[in-house]
Amino acid sequence: MSVTAIHDKLAASGARLGSFRGAGTPGSFGDTKAEFRAFLEGCAVFDMSWQAKLVLTGEDRVRWLNGMVTNNIRDLPLGHGVYSFVLSAQGRIQGDMVAYNRGDFLLVTTDREQAPAIAAIFDRYIIMDDVEVADISEKLATIGVAGPKAHEILASAGIGLTLAPGQVVDTTWRGVGISVARSPQPAMDGYETWFSGDNADKVWGALQTAGGTPVGSDALELYRMVRGIPRYGVDLRERDLPQETGQHYALNFAKGCYIGQEIVERIRSRAILHRTFVGFEVEGDPPSPGTKVRVGEKNAGEMTSAMRVPFSSGERTLALGYVHPEIAVQGTRVQIGEQTATVQMLPFPYES
């Protein structure tokens with residue numbers, strides 16, 4: 001388990017610490033429901049020590065990574081990033097990541113629990129290429145900021161930047177060098193701040209003083225569920241195909257060859273899709289992951305994750321999973337195990 005750069009401060013504040021995505025981080029600051037509301041109504045500030053960072057250098061880095069992932073690295077503008085999948089030769093998802101063009105190097109961010117496998121895949125395919133991969137996860141701390149007031153809180157803290165989705169900018173803040181990135185994933189429209197771990201206490205304190213609400217990974221998972229964002233290892237598995245996940249912004253069909261491209265292109269050109277990613281509103285408690293989805297007596301898919309979500313209007317059980325395309329219609333009634341559920345298009349509707 002990795003220890004966060006602000007572990008002592010967060011522990012002293014009363015945070016309940018635990019493991020999340022391969023790192024030690026706060027699970028809650030004592031009121032998960034209020035923390036979740038910050039994502040929907042205000043500004044959530046959260047530790048991202050679970051984010052791994054890999055630096056790719058060498059003259060072949062752009063060409064090589066473009067041939068490794070599903071999105072377009074070749075034409076990525078300076079200071080911008082894209083969300084991508086890493087696939088097997090059979091087109092199955094091996095991991096997900098964001099790649100940023102940082103000028104003299106490419107920066108890849110992913111979960112710490114994914115990083116060793118992704119680094120191993122990279123190492124396997126670097127043969128005669130001028131590419132080197134270095135893990136700098138321990139050198140940079142990361143704090144996330146999300147919610148409808150995220151930009152306002154950043155500005156109040158003195159980080160007044162207007163960024164396009166996927167853009168990253170380097171700046172100096174109160175004598176501290178930081179980088180600020182905006183998520184390239186449309187459903188998770190938040191920001192990340194990267195800086196030396198020695199300054200984590202200073203950045204965290206400024207964001208909280210500006211009005212940001214400290215939140216833990218429990219609230220972050222609730223927000224992920226409501227926004228319908230699949231998580232690798234939970235909703236994205238090695239048997240899943242990219243188009244099945246609904247994350248179409250991770251795919252580029254004009255970038256040239258990459259590992260698994262033949263399968264992805266075949267699915268697109270023949271319009272063959274046997275499953276698609278959807279949400280469910282479930283009557284009752286959350287079913288267990290892997291529970292089959294049925295229509296009548298026929299299997300129609302499977303559920304991958306479910307949570308009891310504490311909206312201000314009352315608790316609702318929401319779930320994510322895959323169903324046959326003909327079932328993926330808003331309002332379709334299905335059975336998940338013994339429970340009745342309704343298919344919902346993502347993200348889930350809610351009132352802030």
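Which residue in β19 is the bridge partner of Gly-279? The answer is Gln-344, and it takes us straight into the barrel, one of several close-ups below. Keep in mind throughout that this is a predicted model.

**View 1. Six strands close up into a barrel.** Follow the strands round in the order β14-β17-β16-β15-β18-β19 and you have a closed barrel, with antiparallel pairing. From one strand to the next, the twist averages 45°. The contact between β14 (residues 276–282) and β19 (residues 339–344) is antiparallel and is made over four bridges. The pair Gly-279 and Gln-344 belongs here, with Gln-344 sitting in β19.

**View 2. β17 has β14 as one partner and β16 as another.** With β14, strand β17 pairs in the antiparallel sense over seven bridges. To find this pairing on screen, look for Val-282, whose bridge partner in β17 is Thr-317. With β16, the antiparallel pairing runs over 10 bridges. A handy marker for that one is Gly-301, bridged to Val-323 in β17. β16 and β17 make a hairpin, with two residues between them. There isn't much of β17 left uncovered: eight of its 10 residues are buried.

**View 3. Helix α7 lies across two barrel strands, β16 and β17.** The helix runs at about 130° to β16. α7 also matters for the picture of the largest nonpolar core, since its six residues are the largest share of that core.

**View 4. The largest nonpolar core counts 47 residues.** Phe-36, Phe-39, Phe-46, Phe-85 and Val-309 are the residues with the most contacts inside this core. Elements giving two or more residues to it are α2 (32–41), β3 (44–47), β5, β6, α7 (217–227), β16 (298–311) and β17 (314–323). Zoom in on Phe-85 and, leaving aside neighbours within four places in sequence, you'll find it in contact with a mixed crowd, including Met-68, Val-69, Ile-93, Leu-236, Pro-242 and Leu-251. Polar residues turn up around Phe-85 as well, among them Thr-70, Asp-96, Thr-245 and Gln-247. Apart from this core lies another one, of 25 residues, and Val-45, Ile-159, Trp-173 and Leu-207 are among them.

**View 5. Five strands make an open sheet.** The order here is β5-β6-β7-β4-β8, and the pairing is antiparallel. β5 (81–87) and β8 (132–135) are the edge strands, each pairing on one side only. On average, neighbouring strands of this sheet are turned by 30° against each other, direction ignored. Six bridges hold the antiparallel pairing of β4 (residues 51–57) with β7 (residues 106–111). Within that pairing, Ala-52 stands opposite Thr-110 in β7.

**View 6. Helix α4 (residues 115–125) packs on the open sheet.** α4 touches β4, β5, β6 (93–101), β7 and β8, and its direction makes about 15° with that of β4. Which of its residues are buried? They are Ala-115, Ile-118, Ala-119, Ile-121 and Phe-122. Seen down the axis of α4, these buried residues fall within an arc of 155°, so they line one face of the helix. On the other side of α4, Pro-116 and Arg-124 are exposed. The buried residues of α4 pack against β4, α3, β5, β6, β7 and β8.

**View 7. Ser-137 sits in the loop between β8 and β9 (140–146).** Is Ser-137 buried or exposed? With a relative accessible area of 4%, Ser-137 is buried. Its side chain is joined to that of Asp-135 by a polar contact of 2.5 Å. Not counting residues up to four places away in sequence, Ser-137 touches Ala-52, Lys-53 and Arg-112. Ala-52 is the residue that stands opposite Thr-110 in View 5.

**View 8. His-80 sits in the loop between α3 (61–66) and β5.** At 24% relative accessibility, His-80 counts as partly exposed. A polar atom of its side chain lies 3.2 Å from the backbone oxygen of Leu-78. Residues up to four places away in sequence aside, His-80 touches Ala-99, Tyr-100, Asn-101, Gly-166, Gln-167 and Val-168. Gly-103 is 23 residues away along the chain, and its C-alpha atom is separated from that of His-80 by 10.0 Å.

How values were computed:
Residues are numbered from 1 along each chain as its sequence is written. This is a predicted model: local features need pLDDT of at least 70, side-chain atom pairs count only at pLDDT 80 or more; totals for chains, interfaces and linings use all residues. Side-chain values use heavy atoms; hydrogens and water are left out. Two strands pair if DSSP finds at least two bridges between them. Axes are lines fitted to C-alpha atoms, for helices over the stretch in contact, and angles run from 0 to 180 degrees between N-to-C directions. Contact means heavy atoms within 4.5 Å. A nonpolar core is a set of buried Ala, Val, Leu, Ile, Met, Phe, Trp, Tyr and Cys residues joined through side-chain atoms within 4.5 Å. Buried means under 20% relative accessible area, exposed over 50%, partly exposed in between (1.4 Å probe, protein chains only). A polar contact is a pair of N or O atoms within 3.5 Å; within protein, one must be able to donate a hydrogen and the other to accept it, and residues adjacent in sequence count only if both atoms are side-chain atoms. The arc is that of the directions from the helix axis to the C-beta atoms.
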